[in-house]
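Here is a friendly walk through one protein model, in questions and answers. Have the viewer open and follow along.

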Amino acid sequence: MSIDDSRLFAPEPMVFVDLETSGANFANDRIIEVGLVEVDSTGVREWSVLVNPEVPLSPFITSLTGISEAMLRPAPTFRQIAHELLERLRGRLFVAHNARFDYGFLKGEFGRLGVAFRQPSLCTVKLSRKLYPEHHRHNLDTLVERHGLTAGGGRHRALADARLLWSLWQCWHRQLPAATINDAVGAIVGRPQLPPQLDPTALDDLPEAPGAYVFYGEDGRLLLARRSDNLRRQVLAHFAAGSRDKSLYRETWRIEWREAAGELGARLHELRYARSAPLTTPAKAAAGSGGTARHLAPANELCSWQLHSPASGDCRLRLVFADELDFAVADDLFGMYTNRREAQRSLRVLAEAHQLCPKQVGIEQAVAACSAYRQKNCRGACIGKESLLQHGARLMSALARLKIRSWPYRGPVALIERDDFGMREDIHVVDRWRLLGTVQDDAGLQTLLAAAPSRQDFDPEVYRIVSRTLNTGKVVVRPVNALSP
């Protein structure tokens, strides 16, 4: 291709990247081959290299790629190619199919060498979806067939696939106006104008992954705490023209985030952030797709209604407190309240809604007929008109949706959550609705268990988050038997 053609198709320096790896896990697997097609005003250049991963290669990877351990033994390690590779990538738009995978592996490999790898990236899967929304499939094999491309050198070799991406890019430019492609690229890659007081590189590492994030003011005040299924998209959206919150734009000096494998991890990270400092704008934190602005009462104020059912059927409620009873293992608890007044108000609303007798549920000390009966909102359990057995059955039915689940396991468990790509795994260790910690691998799990976490108070927010997640069946539950008491 001529220099003029490369300028036509690539108005800015670009590098089309493909990697072959020993597996799909960022933490445990390594790069085994790199293929680049560099395009700029001087023309098109190709570069590829096998990389010794210094870990065993599975038969599956050898079968998929044709790369064997014998081929990799004499190859340079990533450390040996890192400098040249970085120079070839530097200053170019990083283009890859499912860019999160390739970018994530390179970031991990450079990170192990103490090198911060930051670069604007473009995912051709996302670009294809924007350019051809009428199609449902956008994997590389489908695009090769759809656009009549030729995979010279075969699929699943790094340089061959990088060449396919460059061919695909040229094909799109032949089929569509350059302005259409540039607008789509800008929507994916472009970043809004950030507040001048923010470090311009502060958000370069924002991943397109689930997690939680916080905005801090100049003095460290927590301005906003939210979760998202795509951290990069949502954080940058706060500063997009037309939807910018001027107050947040003016007051934000620092942004932090924590990546997660899925919704459970994102909710738990959000909870930690929301509790880390007082919110200056609680309404904002509670709005939108996330936001945990609830501040919990001290453990000695957290309370619940406990149901007692004598043989006579006369069901009675007693208010119990978390500092005197472990809510995780206690039976017949209903509702969680920050204090006595909130619990009584909630019970009164429940009684009114279900025509329960306030005297029988314990919120009124009437001598004869209760006030609700006189107002025709009680069926007469207080004066014997309704049997205590029937009233008790109605009370239990009304309370059913408020029931606190007892911890369903014999001991602590690991809740294993994986992302949609199989590239990240979070292990959340929970015991009796108490979060002991989150790690990414078995080594981290053993370190956490060896630390022997101290006794924690029952956590109603963790209870709500974990209980809801268990109901969905979206996590793998594994018993943890080695936890020290």
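Q: What volume does the second largest pocket have?
A: Keep in mind that this is a predicted model. The volume of the second largest pocket comes to about 490 Å³.

Q: Which residues lie nearest the centre of the second largest pocket?
A: Its lining takes in 23 residues. Strand 1 (14-21), helix 2 (59-65), helix 5 (99-112), helix 7 (140-146) and helix 8 (158-175) each give two or more residues to that lining. Nearest the centre of the pocket are D18, L19, E20, F101 and H156.

Q: How many residues of the lining of the second largest pocket are charged?
A: The lining is a mix, with 10 nonpolar and seven polar residues. The remaining group, the charged residues, numbers six.

Q: Is G23 buried or exposed?
A: You will find G23 in the loop between strand 1 and strand 2 (31-40). G23 touches D29, I61, F101 and F105, leaving aside residues up to four places away in sequence. The relative accessibility of G23 is 16%, and the cut-off is under 20%, so G23 counts as buried.

Q: How far apart in space are G23 and I61, C-alpha to C-alpha?
A: In sequence, 38 residues separate G23 and I61. In space, their C-alpha atoms are apart by 7.4 Å.

Q: Why do C357 and C370 form no disulfide, and how many disulfides are counted?
A: C357 is buried, with a relative accessible area of 0%. The closest cysteine sulfur to that of C357 is in C370, at 3.9 Å. A disulfide needs the sulfur atoms within 2.5 Å, so this pair is too far for a bond. By this rule, the count of disulfides is zero.

Note on methods
Residues are numbered from 1 along each chain as its sequence is written. This is a predicted model: local features need pLDDT of at least 70, side-chain atom pairs count only at pLDDT 80 or more; totals for chains, interfaces and linings use all residues. Side-chain values use heavy atoms; hydrogens and water are left out. On a 1 Å grid over the protein atoms alone, a cavity is a set of points where a 1.4 Å probe fits but cannot get out, and a pocket is an open set with protein on both sides within 12 Å along at least five of seven lines; lining residues have an atom within 4 Å of a point. Grid points are joined across faces, edges and corners, and a volume is the space filled by probe spheres set on the points. Helices (H or I, at least four residues) and strands (E, at least two) are DSSP runs, numbered from the N terminus. Ala, Val, Leu, Ile, Met, Phe, Trp, Tyr, Cys and Pro count as nonpolar, Asp, Glu, Lys and Arg as charged, and the others, Gly among them, as polar. Buried means under 20% relative accessible area, exposed over 50%, partly exposed in between (1.4 Å probe, protein chains only). Contact means heavy atoms within 4.5 Å.
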